[in-house]
Amino acid sequence: MLTFQPIKISNLSLKNRIVMPPMCMYSSDDSGFVNEFHKVHYISRAIGGVGLIIQEATSVEKRGRISENDLGIWEDDQVEGLKELVSGIKKHDSKVAIQLAHAGRKCGVKNEDIISCSPINFNDDYKVAREMTIDDIKTVVESFKLAAIRALEADYDALEIHAAHGYLIHQFLSPITNHRSDEYGGSLTNRVKLLKEILISVHQVWPNDRPIILRVSASDYVKDGIDVYMMKDIINQIKDLIDIVHVSSGGLVLAHINIFPGYQVKFAEYLKIETGLPTIAVGLITNIEQVEEILGNNRADLVALGRELLRNPNWVLNNANSSDVKIQYPPQYLRAYK
Ligand SMILES: Cc1cc2nc3c(=O)[nH]c(=O)nc-3n(C[C@H](O)[C@H](O)[C@H](O)COP(=O)(O)O)c2cc1C
């Protein structure tokens, strides 16, 4: 079955096509450090056979956190815990990426400096952001680079840059939230400039053989916002700087989204064709028939199961077993599988 077939993207060899997408667990504290929960949570999915685990949004700046309990990679002291987590995951033959994130105006931490491209709040529960100066932009670009240096020290197999769900990079990309009149606003090329600078600075320190994944929201679901056609143009401006596109949607502003099984797969399929890059499909994918359909029709290269892997950490093992596919089960669990 395609689900259990290995794949190599750039120099990353995955044993199957199942990805755990980034999911914030809000389980750290103000230090942003990894703790026992994170280790148990992620290593359980590695034992459960997931091919690629993408660690939750991990903030590159203290003011880039979504909450007081986010994981962080904004200082050197945070590397040790991340390193232990990575090595624990790798012992079980899964590959692991880290999602580097900055919340921008969606930072919900009290008394933080809330920054964005333009002084607009997400909604009344959030403070109005301070419009970023050029120096602020340079600091953020540098913090992604420093985070990439730390991620390499922790030995992640891949990096995911969070440019989706209405967080800082997405705020710059969308004409709905970016009202700047300088070189970072206005035209599509200008709105892409922050993302491009981040990718270029990350490339200066991140080895070419470890893939860079870009997580995008392919639609803002509002008039004049990003749609999948605009997202294609955005990606095509920076496609030499990334290896994989992880295709989600929404999160920029409150909007009505029609949700049904596999509702974002069409975006992954379109962007795969139009950019020529491998894609990860995600969003209400729960069963093996859906995964086989997506892979068999070449609509995406990898498939991420989010909430399903929270419910069922052994999804890969269980589905291989019920489909009579021979995979490497953890030796400790062999008696549970036929
Ligand atoms: C608890 C939770 C936390 C999430 N945190 C993140 C995150 O840190 N970064 C991100 O890009 N997406 C995040 N997401 C979105 C998921 O990665 C995924 O795209 C979404 O859950 C849809 O997939 P699913 O229907 O398989 O759950 C989160 C989703 C959940 C349920």
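These are my notebook entries on a ligand site, a helix, a few loop residues and one lysine, all looked up in a predicted model.

**Entry 1, the ligand site**

I began with the ligand and found that it sits in the largest pocket. There are 15 residues around the ligand, and of these P22, C24, Q99, L284 and R307 come nearest. I then went through backbone atoms that approach ligand oxygens, and noted that a backbone N or O atom of P22 is 2.7 Å from an oxygen atom of the ligand, while for G306 the corresponding distance from a backbone N or O atom to a ligand oxygen is 2.8 Å. For A57, again through a backbone N or O atom, I wrote down 3.1 Å to an oxygen atom of the ligand. Taken alone, the ligand exposes 600 Å², and the protein buries 81% of that.

**Entry 2, S248 and H165**

Next I turned to S248, which I located in strand 11, residues 244-248. Is S248 buried or exposed? Its relative accessibility is 6%, and because buried means under 20%, S248 counts as buried. Leaving aside neighbours within four places in sequence, I listed its contacts as H165, R215, V216, S217, A218, Q264 and V282. With H165 there is also a polar contact, side chain to side chain, at 2.7 Å.

That led me to H165 itself, which is placed in the loop between strand 9 (158-163) and helix 4 (168-173). I noted that H165 has a positive phi of about 55° although it is not a glycine. I kept this in the notes because most residues other than glycine have a negative phi.

**Entry 3, Y221**

A positive phi also turned up at Y221, where the value is near 60° in a residue other than glycine. Y221 belongs to the loop between strand 10 (212-217) and helix 6 (228-238). With a relative accessible area of 25%, Y221 is partly exposed, since that class covers values between the 20% and 50% limits.

**Entry 4, helix 8**

I then followed helix 8, residues 288-296, from its start to the residue just after it. At the start of the helix, a side-chain oxygen of N287 comes to within 3.2 Å of the backbone nitrogen of E289. Which residues of helix 8 are buried? I wrote down I288, Q290, V291, E292, I294 and L295. Residues three or four places apart on an α-helix point the same way, because there are 3.6 residues a turn. The buried residues of helix 8 pack against strand 3 (18-20), helix 7 (265-275), strand 12 (279-282), strand 13 (302-304) and helix 10. Just after the helix, N298 takes a positive phi of about 55°.

**Entry 5, K338**

Last I looked up K338, in the segment after helix 10 (315-322). K338 has 69% relative accessibility and so counts as exposed, the limit for that class being over 50%. Setting aside neighbours within four places in sequence, I found K338 in contact with N321, S322 and D324. With D324 there is a polar contact between the two side chains, at 3.5 Å. I also checked K338 against V128: the two are 210 residues apart in sequence, and their C-alpha atoms are 57 Å apart in space.

Methods: Residues numbered from 1 in each chain as written. Predicted model: local features only at pLDDT ≥ 70, side-chain atom pairs only at ≥ 80, totals over all residues. Heavy atoms only, no water. Buried < 20%, exposed > 50% of the residue type's maximum accessible area, 1.4 Å probe, protein only. Contact = heavy atoms within 4.5 Å. Polar contact = N/O pair within 3.5 Å; in protein donor to acceptor, adjacent residues only side chain to side chain. Near = heavy atom within 4 Å. Areas by Shrake-Rupley, 256 points an atom, 1.4 Å probe, with all protein chains shown as cover. 1 Å grid on protein atoms, 1.4 Å probe; cavity = no way out; pocket = protein on both sides within 12 Å on 5 of 7 lines; lining within 4 Å. Sits in = over half its atoms within 2 Å of the grid points.
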